[in-house]
Amino acid sequence: MPAVTVENPLTLPRVTAPADGARRPVLHVATAPSGFEGEGFPVRRAFAGIGYEHLDPFIMMDQMGEVEYAPGEPKGTPWHPHRGFETVTYLIDGTFVHQDSHGGGGTITDGDTQWMTAGSGLLHIEAPPEALVVAGGLFHGLQLWVNLPKKDKMMPPRYQDIGRGKVKLLTSGDGGALLRLIAGELDGHRGPGITHTPITMAHVSLRPGAEVTLPWRSDFNGLAYALAGRGAAGAERRPFRAGQTVVFGAGDSLTVRADATQESRSPDFEVVLLGGAPIREPMRHYGPFVMNTHAELAQAFEDFQAGRLGVVPADPALR
């Protein structure tokens, strides 16, 4: 799991939580079911079974892979529309190509992130490059959907390319955890992602037996999703493992710990931490559209069918 790493985390800025901070308890641990997306690439639905009151402003998150493709097997998605939210694609292993009808897009690989604000609407496509299709190889990543408040749902689309070199690298007090801060703020350090809805997103690698307690905004919710390995969450050390999501309760710090023994294929406990300020508005989600009312969803479908969300580029290479 390369993402982006360093040989000696002790050279990085350290993040510590206040000693008198209230640690967030664990409310629930959910297991992600497996499925398929787009043209057939395997996903785990990280938020399945979790009430939206615990997720807001997040809508869904898919763990894409981890899968070792044989030659000819890599798959992507066809052209499809979005309106009313943002997609965050974080690639850990492999290569993915994005293109949208608003002119955004590019190629992401190990540790890169693409942040697409669909806003008023566009069409986009995500696919493996030709070289990966021909040769096969490892593919692993995440796609997160972040809601937009009503006032921003019809804003112009925007695209952010967050290369691995832009990610803010941090460590825990004892150097046992490597933190990749993609968006938001931790202990005065800020990630590169520019968000309309205030959130924090970090990928944490914990060495076997390591524990990290991080300051966490009290007005944010708190979620931890295990990408690989085994560990525990909260001061009560509630067990969770790869493919499971922890829902934290109220407080101003959260704790994650790695088991002393990990899998041979993943020597560290790999966890994505998420938090955001709840929007607390009605949310209506159907297919590729996230709006506030059923009437707005109907309008989004009508606009898509009428070609008002963008046109697929004429270049055959992008079809």
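Q: Is Lys150 buried, partly exposed or exposed in this predicted model?
A: Let's use the cut-offs: buried means under 20% relative accessible area, and exposed means over 50%. Lys150 has a relative accessibility of 48%. That value falls in between, so Lys150 counts as partly exposed.

Q: Which side chain meets the side chain of Lys150 in a salt bridge?
A: Side chains of opposite charge can pair when their charged atoms come close. For Lys150, the N to O distance in the salt bridge is 2.9 Å. The partner is partly exposed, at 21% relative accessibility. Its name is Glu296.

Q: How many residues apart in sequence are the parts that Glu296 and Lys150 tie together?
A: Start with where each residue sits: Glu296 lies in helix α3, residues 294-305. Lys150 lies in the loop between β12 (137-147) and β13 (158-162). The pair therefore ties together parts whose separation in sequence is 146 residues.

Q: How many salt bridges does a search of the whole structure find?
A: The pair of Glu296 and Lys150 is a salt bridge, and the side chains of Asp219 and Arg217 also meet in one. A search of the whole structure gives a total of twelve.

Q: What is the N to O distance in the salt bridge between Asp219 and Arg217?
A: Both residues are partly exposed: Asp219 has a relative accessible area of 39%, and Arg217 has a relative accessibility of 41%. A salt bridge needs the nitrogen within 4 Å of the carboxyl oxygen. For Asp219 and Arg217, the N to O distance is 2.7 Å.

Q: Which residues are linked with Arg308 in a network of salt bridges?
A: One link joins the side chains of Arg308 and Glu302, with an N to O distance of 3.8 Å. Arg308 is partly exposed at 48% relative accessibility, and Glu302 is partly exposed with a relative accessible area of 45%. The residues linked with Arg308 in the network are Arg83, Glu302 and Asp303.

Q: Which strands are the edge strands of the open sheet of eight strands?
A: Follow the order of the sheet, which is β1-β14-β15-β18-β25-β20-β23-β2, with mixed pairing. An edge strand here pairs on one side only. The edge strands are β1 (14-15) and β2 (26-31).

Q: Which residue in β25 is the bridge partner of Ala224?
A: Let's look at two strands of the open sheet, β20 (residues 222-228) and β25 (residues 269-276). They run antiparallel and are joined by five bridges. In β25, the bridge partner of Ala224 is Leu273.

Q: Is the peptide bond from Asp56 to Pro57 cis or trans?
A: First find the spot: Pro57 is in the loop between α1 (52-55) and β5 (58-69). The omega angle of the bond from Asp56 to Pro57 is near 20 degrees. The peptide bond is cis.

Q: What is the phi of Asp187?
A: Asp187 sits in the loop between β16 (185-186) and β17 (189-190). With a relative accessible area of 36%, Asp187 is partly exposed. Its phi is positive, in a residue other than glycine, with a value near 50 degrees.

Q: Where is Arg237, which has a positive phi although it is not a glycine?
A: The phi of Arg237 is about 55 degrees. Arg237 is partly exposed, with a relative accessible area of 45%. You will find Arg237 in the loop between β21 (230-233) and β22 (238-241).

Methods:
Residues are numbered from 1 along each chain as its sequence is written. This is a predicted model: local features need pLDDT of at least 70, side-chain atom pairs count only at pLDDT 80 or more; totals for chains, interfaces and linings use all residues. Side-chain values use heavy atoms; hydrogens and water are left out. Helices (H or I, at least four residues) and strands (E, at least two) are DSSP runs, numbered from the N terminus. Buried means under 20% relative accessible area, exposed over 50%, partly exposed in between (1.4 Å probe, protein chains only). Two strands pair if DSSP finds at least two bridges between them.
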